[in-house]
Amino acid sequence: MASIKTDDLSTALRERSIRPSTRQLLISRIEGSSQERDLSEPPNCGGHGRIRHFRIETPAPWPANPLPLLPASRRLGVSPATASNAQVFQNAACNWRCWYCFVPFNLLSANESRASWLTADELVNMYLAEPERPLVIDCSGGQPDLIPEWIPWMMDALAKRGLQDEVYLWSDDNLSNDYFWRYLTLQQRAEVADYRLYGRVCCFKGFDADSFTFNTKAEPDLYDRQFELFGRLLALGIDLYAYATFTASHDRGLAQAMTTFVDRLQQIHPNLPLRLVPLRIEAFGVVQPRVGEIQQRALAIQEAAVLIWNEQLRSRFSAKERAIPMPDVAIQG
């Protein structure tokens with residue numbers, strides 16, 4: 001697959017996935033897609049939503065994953081178990097093609113035949129019509145920040161129904177574009193930053209430029225953009241978290257690359273590594289047909305990479321610091 005021209009593709013996908021004048025967004029229709037076979041329960045919300053079950057426990061030696069249930073439970077004032085399920089909606093566009101993505105690629109190309117034009121009000125109405133509603137709504141994708149208006153529009157829709165203090169809003173971001181600043185007003189950006197029941201997780205797609213390009217099919221120079229964008233979001237005061245994927249096509253210089261990766265995180269904030277969760281990639285469902293010999297090797301490399309990550313954290317933070325609950329790790333200022 002040729003290298004993706006991210007900025008050009010982002011422009012085209014945005015044009016095909018948002019109608020600003022009517023506040024409509026192109027939302028994937030999961031029902032009837034190949035993704036449906038991978039779900040633990042049928043799609044809901046008229047086929048446009050799914051329930052995701054989050055678990056803190058992970059296979060050793062992978063670090064625990066408290067996102068988003070721990071931030072959500074803290075803000076909602078409930079137990080983590082109560083906030084372990086989320087109502088997920090997926091926007092129908094993504095500007096990268098990560099080989100391990102659990103979403104079929106035909107749900108990422110802003111294809112109207114596999115999606116529907118919906119407003120945030122309609123999404124919240126669908127959510128409210130479900131008999132058993134999670135306390136968390138996850139705006140996923142795709143790449144939600146191709147349509148950054150989605151988040152403040154969801155906040156407005158929840159507030160209209162008096163749910164601003166009852167439903168936790170969570171969103172994903174692949175750190176690929178600056179649309180958050182380009183298309184949102186200053187007032188909208190402030191609303192996002194000040195919204196008490198909101199958290200955002202940003203995913204670093206690799207630990208160096210080579211692994212980034214292998215994972216995303218994007219130009220290697222965009223690896224650096226991820227750090228710049230994370231720093232800009234952090235400066236706004238958003239409750240920010242991070243994921244990282246450690247799959248790579250080779251393991252040459254792995255220890256040094258991981259050391260440099262953690263160095264760069266700490267250049268944004270010394271405590272940022274304590275707010276990052278490495279994600280273990282697994283080849284299941286829609287991912288399996290994309291897995292060849294090089295991807296199989298990448299799955300093994302991530303196991304070596306996470307050991308180096310764990311050692312980096314042990315060498316840089318005390319046991320007491322590493323035991324701080326993730327939402328309590330200070331990264332502002």
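# A tour of helices and cysteines

Begin by selecting helix 2, where the buried residues are Leu69, Leu70, Pro71, Ala72, Ser73 and Leu76. Keep in mind throughout that this is a predicted model. Helix 2 spans residues 69-76 and is mostly covered, with six of its eight residues buried. To see what lies over those buried residues, add strand 6 (136-140), strand 7 (168-173) and strand 9 (240-245), which are included in the cover. Then step just past the end of helix 2 to Gly77, the residue that follows it, where phi is positive, near 75°.

Next, select helix 4 (residues 150-160) together with helix 6 (residues 186-194), whose axes come within 10 Å and cross at roughly 65°. That angle makes helix 4 roughly perpendicular to helix 6, and helix 4 passes helix 6 in a left-handed crossing. To display the contact, show Ile151, Pro152, Trp153, Met155 and Asp156 on helix 4, and Gln188, Glu191 and Val192 on helix 6. Coloured by character, the residues of this contact between helix 4 and helix 6 divide into five nonpolar, one polar and two charged.

Now move along the chain to helix 9 (residues 254-268) and helix 10 (residues 293-316), where the axes again come within 10 Å and cross at roughly 50°. Helix 9 is therefore oblique to helix 10, and the crossing in which helix 9 passes helix 10 is right-handed. On the helix 9 side, the contact is made by Leu254, Ala255, Met258, Thr259, Phe261, Val262, Asp263, Leu265 and Gln266, while helix 10 contributes Ile301, Ala304, Ala305, Ile308, Trp309, Gln312 and Arg316. The residues in this contact of helix 9 with helix 10 divide into eleven nonpolar, three polar and two charged.

Finish with the cysteines. A disulfide is a covalent bond between the sulfur atoms of two cysteines. How many disulfides does a search of the whole structure find? The search finds zero disulfides, and two cysteines are worth selecting to see how their sulfur atoms are placed. Cys101 is in no disulfide, and the nearest cysteine sulfur, which belongs to Cys98, is 6.5 Å away; a pair would have to be within 2.5 Å to be counted. Cys101 is buried, with a relative accessible area of 17%. Cys139 is likewise in no disulfide, and its nearest cysteine sulfur, that of Cys45, is 12 Å away. At 0% relative accessibility, Cys139 also counts as buried.

Technical notes:
Residues numbered from 1 in each chain as written. Predicted model: local features only at pLDDT ≥ 70, side-chain atom pairs only at ≥ 80, totals over all residues. Heavy atoms only, no water. Axes fitted to C-alpha atoms, helices over the stretch in contact; angles between N-to-C directions. Helix = DSSP H or I, 4+ residues; strand = E, 2+ residues; numbered from the N terminus. Parallel < 35°, antiparallel > 145°, perpendicular 65-115°, else oblique. Left-handed = near helix turned anticlockwise from the far one by under 90°. Contact = heavy atoms within 4.5 Å. Nonpolar A, V, L, I, M, F, W, Y, C, P; charged D, E, K, R; others polar. Buried < 20%, exposed > 50% of the residue type's maximum accessible area, 1.4 Å probe, protein only.
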